[in-house]
Amino acid sequence: MPTLAVQLTTVSSWALRSFRRRGLRSTVGVAYSSLLDLGFDWRYGTETRSVVLRTDMEPELENRDRAVSYQPTKERPFLHLMQRLPLPPGSTFVDVGCGKGRVLLLAAQLSSLARVVGVEFSPKLCAQARGNIQVFRASGKLRAPIEVIQADAPKRVPDPSENVFFLYNPFDAAILRLFLDRLRESLAAHPRQVWILYSVPVHAGVLDVSGVFSRTESYTLGGNHVYVYTNK
Ligand SMILES: C[S@@+](CC[C@H](N)C(=O)[O-])C[C@H]1O[C@@H](n2cnc3c(N)ncnc32)[C@H](O)[C@@H]1O
């Protein structure tokens, strides 16, 4: 456990770097979101905060080396994003790579969503997400049903009802391409408008040249970029 002095030094050097990069207003916003985030699990009795390194996930997972380690999306920026997006009421929201399920718990509180789905390839993380949903239910805040599906995203063809896909930089460009192939298959069989919300869009180039999806919005929330794509 680092001493208080070490912790204070770490925080103040982060604040200085952030101030230089983002300015005062944004630094205060990011710091506030991070502080609020510390309280999420404390408020609800869940465990969504701690990181799970990809190397600590099940070694038999075929695409483990192409995955990004688990870390949760922050509550406040996610809710801001969902408030700003004009998504049709009754949408089915999918968190692609849902990890311990923090985003599922946030999305399922929104009245605009009919259903919330988490797709996650690690059985251990799926079990943790299901446990968190169980615990969170006591808050009485869940409005939409949640389902956690254990699946490798590049092998699963999305269900025809699914129309909003949230990706918090879950995997590398090769897997993102395969995921988009499965989504194209789903759209060919069941044409519909879909939205892809790509947070920390490290491989945005893959979507930009897809020929199917175009970027309609770009946000900076909680210090992260989020790009919104749609197919119409
Ligand atoms: C950065 S975390 C995001 C967690 C969650 N979406 C959130 O925003 O709080 C990325 C997640 O994607 C999962 N993941 C990575 N590759 C995957 C794949 N091929 N199929 C399904 N899930 C995957 C990881 O196990 C991890 O839980």
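## Ser186, strand 5 and the surroundings of the ligand

Leaving aside residues up to four places away in sequence, Ser186 touches Val157, Pro158 and Pro160. The model in which these contacts were found is a predicted one, and the values in this report are to be read with that in mind. Ser186 belongs to helix 7, and its C-alpha lies 7.1 Å from that of Asp159, although the two residues are 27 residues apart in sequence. Ser186 counts as partly exposed because 18 other C-beta atoms lie within 10 Å, whereas a residue would need 20 or more to be counted as buried.

### Strand 5 and its partners

Helix 7, which spans residues 173-189, carries the chain from strand 4 to strand 5, and the β-α-β crossover made in this way is right-handed. Strand 4 (residues 164-168) and strand 5 run parallel and are joined by 5 bridges; in this pairing, Phe166 has Leu197 of strand 5 as its bridge partner. Strand 5 is also joined by 5 bridges to strand 7 (residues 224-230), and here the two strands run antiparallel. Leu197 has Val228 as its bridge partner in strand 7, while Ser199 is paired with Val226 of strand 7.

How many of the residues of strand 5 are buried? For strand 5, residues 195-199, the count is 5 of 5, and the strand is accordingly described as mostly covered. In a regular strand the side chains alternate between the two faces of the sheet. In strand 5 both faces are covered, with Trp195, Leu197 and Ser199 buried on one side and Ile196 and Tyr198 buried on the other.

Strand 7 has a further antiparallel partner in strand 6 (residues 214-221), to which it is joined by 7 bridges. Within this pairing Val228 of strand 7 is the bridge partner of Glu217. The hairpin of strand 6 and strand 7 has 2 residues between the strands, and Gly222 in this hairpin takes a positive phi near 55°.

### Loop residues with positive phi

Positive phi values also occur at Asn169 and at Val200, each of them a residue other than glycine. The table sets out their backbone angles and places.

| Residue | Phi | Place |
|---|---|---|
| Asn169 | near 30° | loop between strand 4 and helix 7 |
| Val200 | near 55° | loop between strand 5 and helix 8 (204-208) |

Asn169 counts as partly exposed because it has 16 C-beta neighbours inside 10 Å. Val200 is likewise classed as partly exposed, in its case because it has 17 C-beta neighbours inside 10 Å.

### The ligand shell

Which residues come nearest to the ligand? Of the 26 residues around the ligand, these are Ala67, Thr73, Gly97, Gly99 and Pro170. Helix 5 (102-107) and strand 2 (113-120) each supply at least two residues of the shell. Sorted by class, the shell around the ligand consists of 15 nonpolar, 7 polar and 4 charged residues.

### Asn132 in helix 6

Asn132 is located in helix 6, which covers residues 123-136. Is Asn132 buried or exposed? Asn132 is buried because 24 other C-beta atoms lie within 10 Å, and the threshold for that class is 20 or more. When its neighbours within four places in sequence are left aside, Asn132 is in contact with Thr46, Glu47, Thr48, Lys100, Gly101 and Leu105. For Leu105 the separation from Asn132 is 27 residues in sequence and 8.4 Å in space, taken from C-alpha to C-alpha.

### Two domains

On the scale of the whole protein, the chain is divided into domain 1 (4-38) and domain 2 (54-230). The C-alpha centres of domain 1 and domain 2 lie 27 Å apart, and the contact between them takes 7 residues from domain 1 and 6 residues from domain 2. On the side of domain 1 that touches domain 2, helix 2 (residues 24-38) gives the most, with 6 residues. By class, that side of domain 1 has 2 nonpolar, 3 polar and 2 charged residues.

Key: Residues numbered from 1 in each chain as written. Predicted model: local features only at pLDDT ≥ 70, side-chain atom pairs only at ≥ 80, totals over all residues. Domains from an automatic or database assignment. Contact = placed C-beta atoms within 7 Å. Helix = DSSP H or I, 4+ residues; strand = E, 2+ residues; numbered from the N terminus. Nonpolar A, V, L, I, M, F, W, Y, C, P; charged D, E, K, R; others polar. Near = placed C-beta within 6 Å. Buried ≥ 20, exposed ≤ 12 C-beta atoms within 10 Å, placed from the backbone. Pairing = 2+ DSSP bridges. Right-handed = clockwise from strand over helix to strand, strands pointing away.
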